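Trainee: Could you take me through the aromatic rings here, one close look, at whatever pace you like? I'd like to know what pairs with what and where the partners sit.

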Protein chains: 2
Amino acid sequence: MQVNGTPYRSIWRDGTGAVRVIDQRWLPHEFRVVELASCAEAAEAIRDMWVRGAPLIGATAAHGVALAMTEDPSDTSLAQACATLAATRPTAVNLRWALDAMRAALAPLPPARRAEAAFARAAEIADEDVAINAAIGDHGLPLIRALATRNPGRPVNILTHCNAGWLATVDWGTATAPIYRAVGEGIPVHVWVDETRPRNQGAQLTAWEMASAGIPHTLIVDNAGGHLMQRGEVDMVITGTDRTTARGDVANKIGTYLKALAAHDCGVPFYVALPSPTIDWSLKDGLAEIPIEERSGAEVTHVWGRAADGTLGAVRICPEATRGGNPAFDVTPARLVTALITERGICPATPEGLAGLFPERAAVLRAG
Amino acid sequence: MQVNGTPYRSIWRDGTGAVRVIDQRWLPHEFRVVELASCAEAAEAIRDMWVRGAPLIGATAAHGVALAMTEDPSDTSLAQACATLAATRPTAVNLRWALDAMRAALAPLPPARRAEAAFARAAEIADEDVAINAAIGDHGLPLIRALATRNPGRPVNILTHCNAGWLATVDWGTATAPIYRAVGEGIPVHVWVDETRPRNQGAQLTAWEMASAGIPHTLIVDNAGGHLMQRGEVDMVITGTDRTTARGDVANKIGTYLKALAAHDCGVPFYVALPSPTIDWSLKDGLAEIPIEERSGAEVTHVWGRAADGTLGAVRICPEATRGGNPAFDVTPARLVTALITERGICPATPEGLAGLFPERAAVLRAG
């Protein structure tokens, strides 16, 4: 997407071959591009959330493996790189998927050929992600168009949680791809942007994306979505996901479950947009089987932003004696999901729905 | 309740007869007591949330009328004071209830006797509130005791939203009264404190109350409660309410509805503690009939707290171009409320339940 008139992806190699990413910790206040110079830096970038979002985590891990191969292309190095990167974040399955893909491509090769092949495979993973998200946009667009047709002259009100935008992927985003496509077609859209405490990815990233693209939007606290749905002010919800089970349970940023409950209660369609690498075909029951990352309580007790004097920093919002609890994701049961929007089309959040779109994976499951 | 060993109410007259309140905007970072020297200051204190919480708003309004009577005890002054105070906040019904009570006590009196009578009636309203909340504590205590008995050796995990603590009332609080009583009896309790964006009354006030009283508690973001309920980590939810309809619909701080949905989905009991002055017997359908205050978007785009250098201030969390939407309350339909805890006992959130506890009000309704 464009930033001040220049097209960007969220991860790329520059003219010198250096791997570059947007250090998203500074958004929306500063747009900083940094180099990932080593596998260790790639791991740090994922762990400390310079980059985040399941698809971008996968693409960054792939580039991390490639950087490791330039440092030391041995089997030991490959195994170590994959282990280090796999340990950075526990919930997003794309991370594991990307590392498996890199290992499969590199392990059979002689070490001398691994670095070049690794960068080529990492670039493929990034390009595939862009194509996948563009296809999600194509499939999601008719849903928005239909809502626009139903209420002519009124913008389609779309609520989204966290950031499943182009910053969370390599480009286009998952939840935002249909929105960008709709705006491109001239369909009037207004986005309710959930703040998404504790890290405020909605306020910092999704609002920045919407503002950068000139899309009408309103920032709301995470508490407000249910009320807006009760009042008919939300036409649809679209979120992303960090991991989806074979039966359609969805792990996504903490608070997604609450919005899904409200949408269900108010008869508002609740869509989850996902690239197929976020499907964990090995799991069924998301609540029982998906590990949920517990992050630092400091993310809850402090809020980061720009002070009146222009400085960036955090303020403590509670007593010194109070500790914060910080589960980072929750699981939305498939029964609350109206449909899944994938790169191959839209399907119900059921085993049959997913198997219908991805029969080759479902066949492997049946055989396994 | 005690603050550093000294017993306080949230509003009182000191030895000189001055009306004093805790300026709650500075909590938890500073404990500041201020004088309300005029009716205009009482109105400002309510409007700008030096004081907040439906019962305390009512008690403050009553004292505001008394202050007006010391300035000018005429009929015109009485009418103006009530009009000014009534316009400060639209959702809490206690405000209107307290003003009606003051008007009823003062209008029949000759102006020369009004000031003294007004302070006496305001003191009664404050004392009644303390007695009401103590009774809510008595009735709510057995619910907590029963949960403690069910899981011996494990603390009872109670989730609360916003601040329905002693700071929101004159003393004891509504939702917190049963908690303070349980702790007083030695029942092990752990409180999940919802941050309660945008104004963070949970982080700033409830966490401060819990820390001051030495009650084990964990601050969580508003997004987290559903996840905790899914995992069995919440035994009960207790919230307050700003207005309750005759059939048991509950208007409370924005986000309450989402927690009620999650509690319902997870089989967690969801209790609402309320003094009867928050019941609006004239209303049935909360969603259609209760006006919801829309506050400044700046409360959403900015977060206030203490910076690392000790200064208090706000940080902006989103792009300059992004505006905030800020509905301050939502309505939880009675069907999601397990029971109401009132000063007369516990009842189902139904017209019959409320009429059973308050037959004299229900009789008036039937006659009217």
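**Rings and their partners**

Mentor: Let's start with a charge over a ring: Lys253(B) lies over the face of Phe329(B), 4.2 Å from the ring centre. Chain A has a counterpart, with Lys253(A) over the face of Phe329(A) at 4.3 Å from the ring centre. Keep in mind that this is a predicted model.

Now for rings against rings. Over all chains, the count comes to 12 aromatic pairs. Take Trp26(B) and Trp304(B): their centres are 6.3 Å apart and their planes make an angle of 75 degrees, so the pair counts as edge-to-face, the label for anything over 60. This pair ties together distant parts of the chain, 278 residues apart. Trp26(B) sits in the loop between β4 (19–22) and β5 (33–36) of chain B, while Trp304(B) belongs to strand β14 (residues 302–307) of chain B. As for exposure, Trp26(B) is partly exposed because its relative accessibility is 23%, and Trp304(B) is likewise partly exposed, with a relative accessible area of 23%.

Then there's Trp166(B) with Trp208(B), a tilted pair at 6.3 Å centre to centre, with 40 degrees between the planes. Here the partners are 42 residues apart: Trp166(B) is in the loop between β6 (156–160) and α6 (176–184) of chain B, and Trp208(B) is in helix α7 (residues 201–213) of chain B. Both Trp166(B) and Trp208(B) are buried.

Over in chain A, Trp166(A) and Trp208(A) are part of one aromatic cluster that also takes in Tyr8(A), Trp12(A) and Phe31(A).

Definitions and conventions: Residues numbered from 1 in each chain as written. Chains lettered and ligands numbered in written order. Predicted model: local features only at pLDDT ≥ 70, side-chain atom pairs only at ≥ 80, totals over all residues. Heavy atoms only, no water. Phe/Tyr/Trp six-rings, centres within 6.5 Å; stacked < 30°, edge-to-face > 60°. Helix = DSSP H or I, 4+ residues; strand = E, 2+ residues; numbered from the N terminus. Buried < 20%, exposed > 50% of the residue type's maximum accessible area, 1.4 Å probe, protein only. Lys NZ or Arg CZ within 6 Å of the ring centre and 35° of its normal.
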